[in-house]
Every structure is written in structure tokens, then in C-alpha cells.
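Here's a walk through this model, one piece at a time. Have the structure open while you read.

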Amino acid sequence: MTGANRGTGRAIRQRLTADGFTVRCLNRHSCEDHTDRIVADLTDTRAAFDATRAVLADVPALDLLVLNAVTRGLGRVAELDPAVWDEALAVNLTANVRVVQAALPALRAAGGHIVLMGSHAGDRPFEGGLAYCATKAALRSVAEVLLMEERPNGVRTTLLNPGAIRNFDDDFSENKMSVESVASVVSWVVSAPADTVLGEVELRPARLGVPPAVGLERLQHV
Ligand SMILES: NC(=O)c1ccc[n+]([C@@H]2O[C@H](COP(=O)([O-])OP(=O)(O)OC[C@H]3O[C@@H](n4cnc5c(N)ncnc54)[C@H](OP(=O)(O)O)[C@@H]3O)[C@@H](O)[C@H]2O)c1
């Protein structure tokens, strides 16, 4: 999996480990509670492919690939630094495709499952979110193409689109989901009966704060 050293990815890694998976990580910073070496900065998408192949060289079977790493790349179009756009495109989109390409032979051999971490941002674009929203929107096409191309090869794909998550350890907001809860949904998605696949899952916090504009008035803000 990618992006496993902190935030939601750390919780997913810990949950999958508790479920009995042996988790190998493609991170640029090590996990303090985990022994995997640092293998890749995903901005280097060629290195992401090579690192995936290197990790898989001593893995007996690949049952699951979780693509979780993200960079937000926030900034309005008028001012967006091209380097920020390029980084978001590389980490959030191209690296995911390259890692999948590197992993597909092993996934086919094992009848494996790909989980792509999407976001509400993919279909609810917002001001200042061009790079994040556009790359997450593109992930829906990646997921759909994989569903169409790889089910005949025995590989399942799920796009998980969460809303707000408490990904920082010092965030105690009641209107966001805990990383452990999101991880439990990943666990649930990958334990779906073998003759089914949850192609796309949309996930929201159970509690909602009062939005600044509601009802008909909200339509004046889109
Ligand atoms: N948080 C939310 O509210 C929310 C809502 C909807 C969807 N999501 C999605 O859920 C997933 C996890 O989100 P999160 O908020 O938990 O993420 P996060 O806390 O921001 O962590 C991002 C992860 O991606 C890694 N990463 C970033 N750039 C990288 C690079 N160049 N190379 C390798 N790894 C890199 C980070 O590693 P480093 O420590 O090395 O930076 C970290 O492990 C993402 O796909 C996100 O889009 C999150």
C-alpha cells in the first residue's frame, strides 16, 4: 500500500495487519511502528513502478493493493504554481497508475483486489482545489477502466470516496470520521463475498455540523 506512515493510511495498515494481512509499504517516510524500509517518493513515477516491482520480488502473493497516498496541492487556478500541479498529478494520479501497472501480474496471479482512495472532492469540486479535485475526479475513470479491463483477469477494483476524516492526531472534530472507522470500511470492502465487488463506495461522517448556507440559500453559492 502507499501512504501508510501516517493519517488514514497508517490506520488502514494497522487494521489490515490485525485482519491477518502481511502489509508491505511504499512510503517516502518510514513508519515508526513498522519495519519496512523507505522505498519511494511517488513524485518520481518511474521510481514508483520500479519500487513496486522490487517490493513484490519477495512477496509470495499479492491479494490487495491499497493506493492511499495523496498531496492536496491546494491553490486557486490564477496563482497555482505549476510545480504544485505537477506534484499532485504525479502523486495522486500517475503514480497510482504506475504502481497498478507494476502490480497487475501479481494481482492477476492471486485474484487480487485494488482499493483506490478517492474523495468527495472528486465529484464536489471547490474553489482553490483544482489539483486535488481534478486528480480525484480522474481516479473514478481509472477505477472504472480497471473494473472493465481486469475483472476478466480475476482482479477486483474499488473506489472509496470518503468525506471529512480526522487524519491528524490532534483533530478531535465530531463532524469528521476517525481514521480507524475509515480503515474498518476498507476492511469491510475487501472482505466482500468473492463473487461480488463494491465498485464505488461513498462514505460520509454520520454527524453533520450546520452548514453556513442551507436549503434554497445554498443554491446561491454554487
Ligand atoms: N483527510 C480527509 O478528510 C480525506 C477526505 C477524503 C478523502 N481522503 C483521502 O484519503 C486518503 C488519505 O488521506 P489522509 O488525509 O489520511 O492523508 P494525509 O494524512 O495527508 O497523508 C498523506 C499520505 O500520503 C503520503 N505522501 C504524500 N506525498 C507523497 C509522496 N510524494 N510520495 C510518497 N508518499 C506521499 C504521505 O507521506 P509523507 O508522510 O511522506 O508526507 C502520507 O502518508 C487520501 O487519498 C485522501 O485523498 C482524505
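Let's start at Val99: setting aside neighbours within four places in sequence, this residue is in contact with Thr2, Leu26, Ala48, Thr52 and Leu67. Before going further, keep in mind that this is a predicted model.

Val99 also turns up in the largest nonpolar core, which has 52 residues. Along with Leu65, Ala103, Ile114, Val115, Leu116 and Val186, Val99 is one of the residues that touch the most other members. Which elements give two or more residues to this core? They are helices H1, H2, H3, H4 (130–150) and H5 (179–190), plus strands S1 (64–67), S2 (113–117) and S3 (156–162). H3 is the top contributor, with 11 residues.

**How H2 meets H3**

H3 covers residues 82–110, and H2 packs against it at an angle of about 35°, the two axes being 8 Å apart. The crossing of H2 past H3 is right-handed. On the H2 side, the contact is made by Thr45, Ala48, Phe49, Thr52, Arg53 and Leu56. H3 brings Ala90, Thr94, Ala95, Arg98, Val99, Gln101, Ala102, Ala103 and Ala106. Sorted by class, that comes to 9 nonpolar, 4 polar and 2 charged residues.

Take a closer look at Ala48, which lies in helix H2. Is Ala48 buried or exposed? Ala48 is buried, because 27 other C-beta atoms lie within 10 Å and 20 or more are enough to count as buried. Beyond its neighbours within four places in sequence, Ala48 is in contact with Ala40, Leu42, Ala95, Arg98 and Val99.

**Four residues, from buried to exposed**

Here are the C-beta counts for a few residues.

| Residue | Other C-beta atoms within 10 Å | Class |
|---|---|---|
| Ala48 | 27 C-beta atoms | buried |
| Asp41 | 18 C-beta atoms | partly exposed |
| Gly128 | 14 C-beta atoms | partly exposed |
| Trp188 | 11 C-beta atoms | exposed |

Asp41 sits in the loop between H1 and H2, the latter spanning residues 45–56. Not counting residues up to four places away in sequence, Asp41 touches Arg28 and Ala47. Its C-alpha atom is 10 Å from that of Gly3, and the two residues are 38 apart along the chain.

Gly128 is in another loop, the one between S2 and H4. Leaving out neighbours within four places in sequence, Gly128 is in contact with Leu74, Gly75 and Arg76. Gly128 and Leu80 are 48 residues apart along the chain, with their C-alpha atoms separated by 8.7 Å.

Trp188 belongs to helix H5. Why is Trp188 classed as exposed? Trp188 has 11 C-beta neighbours inside 10 Å, and 12 or fewer is the cut-off for exposed, so that label fits. From Trp188 to Leu198 is 10 residues in sequence and 10.0 Å in space, C-alpha to C-alpha. Between Trp188 and Ala48, by contrast, there are 27 Å from C-alpha to C-alpha, with 140 residues of separation along the chain.

**Around the ligand**

Last stop, the ligand. How many residues are around the ligand, and which come nearest? There are 24 residues around it, and Gly3, Gly7, Thr8, Met117 and Asn167 come nearest. Helix H1, residues 7–19, gives the most to this shell, with 3 residues. By class, the shell has 13 polar, 8 nonpolar and 3 charged residues. Gly3, one of the nearest residues, is the residue whose C-alpha atom is 10 Å from that of Asp41.

Technical notes
Residues are numbered from 1 along each chain as its sequence is written. This is a predicted model: local features need pLDDT of at least 70, side-chain atom pairs count only at pLDDT 80 or more; totals for chains, interfaces and linings use all residues. A residue is near a molecule or strand if its C-beta atom, placed from the backbone, lies within 6 Å of it. Helices (H or I, at least four residues) and strands (E, at least two) are DSSP runs, numbered from the N terminus. Ala, Val, Leu, Ile, Met, Phe, Trp, Tyr, Cys and Pro count as nonpolar, Asp, Glu, Lys and Arg as charged, and the others, Gly among them, as polar. Two residues are in contact if their C-beta atoms, placed from the backbone, lie within 7 Å. Axes are lines fitted to C-alpha atoms, for helices over the stretch in contact, and angles run from 0 to 180 degrees between N-to-C directions. A crossing is left-handed if the near helix is turned anticlockwise from the far one by less than a right angle, and right-handed if clockwise. A nonpolar core is a set of buried Ala, Val, Leu, Ile, Met, Phe, Trp, Tyr and Cys residues joined through C-beta atoms within 7 Å.
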